[in-house]
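Student: Could we go through this model together, one packing feature at a time, with the reasoning spelled out?

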Amino acid sequence: MNFSSKLLEDAVMEFAKLPGVGQKTALRLVLHLLNRETQEVEQFGNAIVRLRQEIKHCAICHNIADQEICEICSSNKREKEVICVVEDTRDVMAVENTSQYFGVYHVLGGLISPMDGIGPSDLFIDSLVQRVATTPVKEVILALSATMEGDTTLFYLYKRLKDFQIPITTIAKGIAFGGELEYADEITLGRSIITRVPYENAIIK
């Protein structure tokens, strides 16, 4: 792709680094910004810079937040004794959109994947075990994607938590194998949470 401006080329190359954005889409986005008012473009740029500089991760659940403790963990309306374990913030948003879950979360920050060099120590697993060991917990819901990495992580978490003698459940298999939670429709995901089953039963099946 030939560019008439080095500034234009640099901007396009930066946008093209985003996942799912090719050079043609990046060029369209950059040209769109060039046609906007300077104030709008500055607001766009400042929002990205502030996001990177000021964003926090909740000290309890590791979800992305504006404060040290996220709104979900600090809310008196949530069931603090029920913890839903998810891969990342996108899954928190997916579950919240179902309006079927009223507990709190624990964000692992990824899934165990030996092929990618990601082991248990790279995730927020120890802090989950610490939460279960030091706070009143009635149930841990393992809501991970139905992929090989998800199943590996599920089994590892079960082994780490089973001795605490609390119910460990997993979402019902309403999501196809290989499916990511963030792409599941709200009704299917909501039903999967409501009809969750003990993890031991899921292993047997």
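Student: Which residue in β5 does C84 stand opposite?

Tutor: Since this is a predicted model, the answer describes the model's own geometry. Strand β3, residues 79-86, and strand β5, residues 139-142, run parallel and are joined by four bridges. Within β5, the residue opposite C84 is I141.

Student: Which strands stand at the edges of the sheet?

Tutor: The sheet is open, its pairing is mixed, and its five strands follow the order β4-β3-β5-β6-β7. An edge strand here has a single partner strand, so one side of it is left without a neighbour in the sheet. The strands in that position are β4 (103-107) and β7 (197-198).

Student: At about what angle to β4 does helix α6 run?

Tutor: Two helices can be set beside each other here, beginning with α5 (residues 89-96), which lies across β3 and β4 and runs at about 160° to β4. Helix α6 (residues 126-134) lies across β3, β4 and β5, and its angle to β4 is about 150°.

Student: How are α1 and α2 oriented relative to each other?

Tutor: The axes of helix α1 (residues 6-15) and helix α2 (residues 23-34) come within 8 Å and cross at roughly 120°. Angles of 65 to 115 degrees count as roughly perpendicular and those over 145 as roughly antiparallel, and the crossing of α1 and α2 is therefore classed as oblique.

Student: How many residues of the contact of α1 with α2 are charged?

Tutor: On the α1 side the contact is made by L8, A11, V12, M13 and F15, and on the α2 side by Q23, A26, L27, L29, V30, L31, L33 and L34. These residues divide into 12 nonpolar and one polar, and the number that are charged is no residue at all.

Student: And how many charged residues does the contact of α6 with α7 have?

Tutor: The axes of α6 and helix α7 (residues 148-161) come within 10 Å and cross at roughly 35°, and this crossing is right-handed. In the contact, D126, L128, V129 and V132 of α6 meet L157, R160 and L161 of α7. By class there are five nonpolar residues and no polar ones, while the charged residues number two.

Student: How many residues apart are F15 and F44?

Tutor: The structure holds two aromatic pairs, and one of them is formed by F15 and F44, stacked at 6.4 Å centre to centre with 10° between the planes. This pair links distant parts of the chain, with F15 in helix α1 and F44 in helix α3 (residues 38-54), and the separation is 29 residues.

Terms used. Residues numbered from 1 in each chain as written. Predicted model: local features only at pLDDT ≥ 70, side-chain atom pairs only at ≥ 80, totals over all residues. Heavy atoms only, no water. Axes fitted to C-alpha atoms, helices over the stretch in contact; angles between N-to-C directions. Parallel < 35°, antiparallel > 145°, perpendicular 65-115°, else oblique. Contact = heavy atoms within 4.5 Å. Nonpolar A, V, L, I, M, F, W, Y, C, P; charged D, E, K, R; others polar. Pairing = 2+ DSSP bridges. Phe/Tyr/Trp six-rings, centres within 6.5 Å; stacked < 30°, edge-to-face > 60°. Left-handed = near helix turned anticlockwise from the far one by under 90°.
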